[in-house]
Amino acid sequence: MTLVKVCSVDELTPGEALRVELAEVDVAIVQVADEFFAIEDVCSHADFPLSDGGVKGCTIECDLHGSRFDLRSGKPLGPPATAPVPTYAVTVTDGHVYIELEN
Ligand code: FES
C-alpha cells in the first residue's frame, strides 16, 4: 500500500469533485462536510469522468447518462451503470489529502 498526496484541503470545494490525474489512475476527490472521498474518475458505464457530475450527499452522479455512485463503496445506485467504480481510502494530514493505492 502506498500513500499518495493528491491535493491540499484548500483546493477542495465541499460538495464539488476535484479531478486529480496521477501516474497510476485519475481520481475524483470529494469533500462532504468533514469527510473526504476518493473514487476513480471514470464511470463504469462508458468511461466518462465522474468529476464532471454533481455531488449530492455521499454520492456523485455521472453527467453523461445519470447513474449515481455511492462515494463510500463505489457502487452504482441506478442504471445504466451496473459495475462499481474503485474507491480509495483517504487520509488528511497537515492540510493535505492522501489516498491509498495498491502497490
Ligand atoms: S457514462 Fe456514466 S452513466 Fe453512462
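The questions and answers below concern the fold, the sheet and the cysteines of a predicted model.

This is a predicted model in which local features need pLDDT of at least 70, side-chain atom pairs count only at pLDDT 80 or more, and totals for chains, interfaces and linings use all residues. Residues are numbered from 1 along each chain as its sequence is written, and side-chain values use heavy atoms, with hydrogens and water left out.

Q: How many strands does the chain have?
A: Helices (H or I, at least four residues) and strands (E, at least two) are DSSP runs, numbered from the N terminus. By that rule the chain has 0 helices, and its strands number 10.

Q: In what order do the 3 strands of the open sheet stand?
A: Two strands pair if DSSP finds at least two bridges between them, and the pairing in this sheet is antiparallel. Strand 5 (55-56) and strand 7 (68-70) each have a single partner strand, so one side of each is left without a neighbour in the sheet. The order is therefore 5-6-7.

Q: Which residue in strand 7 is the bridge partner of E61?
A: Strand 6 (residues 59-61) runs antiparallel to strand 7, and 3 bridges join them. In strand 7, the partner of E61 is R68.

Q: How many disulfides does a search of the whole structure find?
A: A disulfide is a pair of cysteine sulfur atoms within 2.5 Å. For the sulfur of C58, the closest cysteine sulfur, in C7, is 17 Å away, which is too far for a bond. Across the whole structure, the number of disulfides found is 0.
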